[in-house]
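Hi everyone, thanks for making room for me today. Let me put the structure up, and then we can walk through a few residues together.

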Amino acid sequence: MRLEALSEGYLHSALLLRQRLSLLRRELKRCEDAQARAALRHRIAVLGAMQEQCYALAELTAHYYERGYCRDERYTL
């Protein structure tokens, strides 16, 4: 299996995370309990970081074998 095949999976995961984040943000707007709002903000922050990583890994794996592709510093040795 080539890394290009993994790219689609990362992209799909990022899109699922986007949908979930959208739902959580709508829930946050309706929420009135301070403790629940803090918990929602924390979940949004964690899932947002996961979404960002999924997009970055989708990009990396899609172009990994291309010559001259500038890789993200987080994923190089």
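Here is something to look for: leaving aside its neighbours within four places in sequence, which residues is Gln 51 in contact with? Before I answer, please keep in mind that this is a predicted model.

So, the answer. With those neighbours set aside, Gln 51 is in contact with Ala 14, Leu 17, Arg 18 and Leu 21. Gln 51 itself has its place in helix H2. Is Gln 51 buried or exposed? Buried means under 20% relative accessible area, and Gln 51 counts as buried because its relative accessibility is 14%. For a feeling of distance along the chain, take Gln 51 and Ala 38: they are 13 residues apart in sequence, and their C-alpha atoms are 20 Å apart in space.

Now let's turn to one of those partners, Ala 14. Ala 14 is found in helix H1. Its relative accessibility is 0%, so Ala 14 counts as buried. Not counting residues up to four places away in sequence, Ala 14 touches Gln 51, Cys 54 and Tyr 55. Arg 67, on the other hand, is 26 Å from Ala 14, C-alpha to C-alpha, with their positions 53 residues apart in sequence.

Ala 14 also brings us to the core. How many residues does the largest nonpolar core have? There are ten: Ala 14, Leu 17, Leu 21, Leu 24, Leu 28, Cys 31, Leu 40, Ile 44, Leu 47 and Cys 54. The elements giving two or more residues to this core are H1 and helix H2, which covers 34-63. H1 supplies the largest share, five residues. As background, nonpolar side chains in soluble globular proteins tend to be buried together.

One core member worth finding on your screen is Cys 31. Apart from neighbours within four places in sequence, Cys 31 is in contact with Ala 36, Arg 37 and Leu 40.

Last stop: Ser 7, which is in helix H1, residues 3-30. Ser 7 is buried, because its relative accessible area is 11%, under the 20% cut-off. What lies 2.8 Å from a polar atom of the Ser 7 side chain? That would be the backbone oxygen of Ala 58. Ala 58 also appears among the contacts of Ser 7 beyond four places in sequence, together with Thr 61 and Ala 62.

That's my tour, and I'm happy to go back to any of these residues with you. Thanks for listening!

Terms used:
Residues numbered from 1 in each chain as written. Predicted model: local features only at pLDDT ≥ 70, side-chain atom pairs only at ≥ 80, totals over all residues. Heavy atoms only, no water. Helix = DSSP H or I, 4+ residues; strand = E, 2+ residues; numbered from the N terminus. Buried < 20%, exposed > 50% of the residue type's maximum accessible area, 1.4 Å probe, protein only. Polar contact = N/O pair within 3.5 Å; in protein donor to acceptor, adjacent residues only side chain to side chain. Contact = heavy atoms within 4.5 Å. Core = buried A, V, L, I, M, F, W, Y, C linked by side-chain atoms within 4.5 Å.
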